[in-house]
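Here are some short exercises to work through with the structure open beside you. Try each task before reading its solution.

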Amino acid sequence: MSESGQRSARKCISCGINISGTSAASFKCPECGSQIYRCSKCRKQSNLYECNDCGFTGP
Ligand SMILES: [Zn+2]
Ligand SMILES: [Zn+2]
């Protein structure tokens with residue numbers, strides 16, 4: 001029920017793995033400004049990401 005626990009856990013937006021402590025990229029959604037994290041693997045593969053808040057997708 002509570003979503004408060006998810007704030008500290010950083011997850012790759014593309015593949016969902018825990019990226020805390022890794023060299024993951026973090027940036028803000030160009031649409032809504034929500035913080036987005038992506039692991040180095042997905043960044044290398046240029047996987048698409050989708051913002052959880054507004055549904056924006058981008059490379
Ligand atoms: Zn990933
Ligand atoms: Zn967004």
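**Exercise 1. Find the residues that Cys-32 touches, leaving out those up to four places away in sequence, and decide how exposed Cys-32 is.**

Solution. Keep in mind that this is a predicted model.
- Step 1: list the contacts. Beyond residues up to four places away in sequence, Cys-32 touches Cys-51, Asp-53 and Cys-54.
- Step 2: take one of these partners, Cys-51, and compare sequence with space. Cys-32 and Cys-51 are 19 residues apart in sequence, and their C-alpha atoms are 8.7 Å apart.
- Step 3: place the residue. Cys-32 sits in the loop that runs between strand 1 and strand 2.
- Step 4: count neighbours. Cys-32 has 13 C-beta neighbours inside 10 Å, so Cys-32 is classed as partly exposed. The exposed class stops at 12 or fewer, and the buried class starts at 20 or more.

**Exercise 2. Describe how strand 1 and strand 2 are arranged.**

Solution.
- Step 1: find the limits. Strand 1 covers residues 25–28 and strand 2 covers residues 35–38.
- Step 2: determine the sense. The two strands pair in the antiparallel sense, over four bridges. For Ser-26, the bridge partner in strand 2 is Tyr-37.
- Step 3: look at the connection. Strand 1 and strand 2 make a hairpin with six residues between them, and in the turn Gly-33 has a positive phi of about 80°.

**Exercise 3. Follow Tyr-37 into the largest nonpolar core.**

Solution.
- Step 1: list the members. This core has nine residues: Cys-12, Ile-13, Ile-19, Ala-24, Ile-36, Tyr-37, Cys-39, Cys-42 and Tyr-49.
- Step 2: list the contacts of Tyr-37. Neighbours within four places in sequence aside, Tyr-37 is in contact with Arg-10, Lys-11, Cys-12, Ile-13, Ile-19, Ala-24 and Ser-26.
- Step 3: put this beside the whole chain. Buried residues make up 15% of its 59 residues.

**Exercise 4. Is Ser-46 buried or exposed, and what is the sign of its phi?**

Solution.
- Step 1: locate the residue. Ser-46 belongs to the loop between helix 1 (40–45) and strand 3 (49–50).
- Step 2: read the backbone angle. Ser-46 is not a glycine, yet its phi is positive, at about 55°.
- Step 3: count again. Ser-46 is exposed because it has 9 C-beta neighbours inside 10 Å.

**Exercise 5. Write down the order of helices and strands along the chain.**

Solution.
- Step 1: count the elements. The chain has one helix and four strands.
- Step 2: read along the sequence. The pattern is β-β-α-β-β.
- Step 3: add the contacts. Of those with a separation of 6 or more, 31% join residues 24 or more positions apart.

Key:
Residues are numbered from 1 along each chain as its sequence is written. Chains are lettered from A and ligands numbered from 1 in the order in which they are written. This is a predicted model: local features need pLDDT of at least 70, side-chain atom pairs count only at pLDDT 80 or more; totals for chains, interfaces and linings use all residues. Two strands pair if DSSP finds at least two bridges between them. A nonpolar core is a set of buried Ala, Val, Leu, Ile, Met, Phe, Trp, Tyr and Cys residues joined through C-beta atoms within 7 Å. Two residues are in contact if their C-beta atoms, placed from the backbone, lie within 7 Å.
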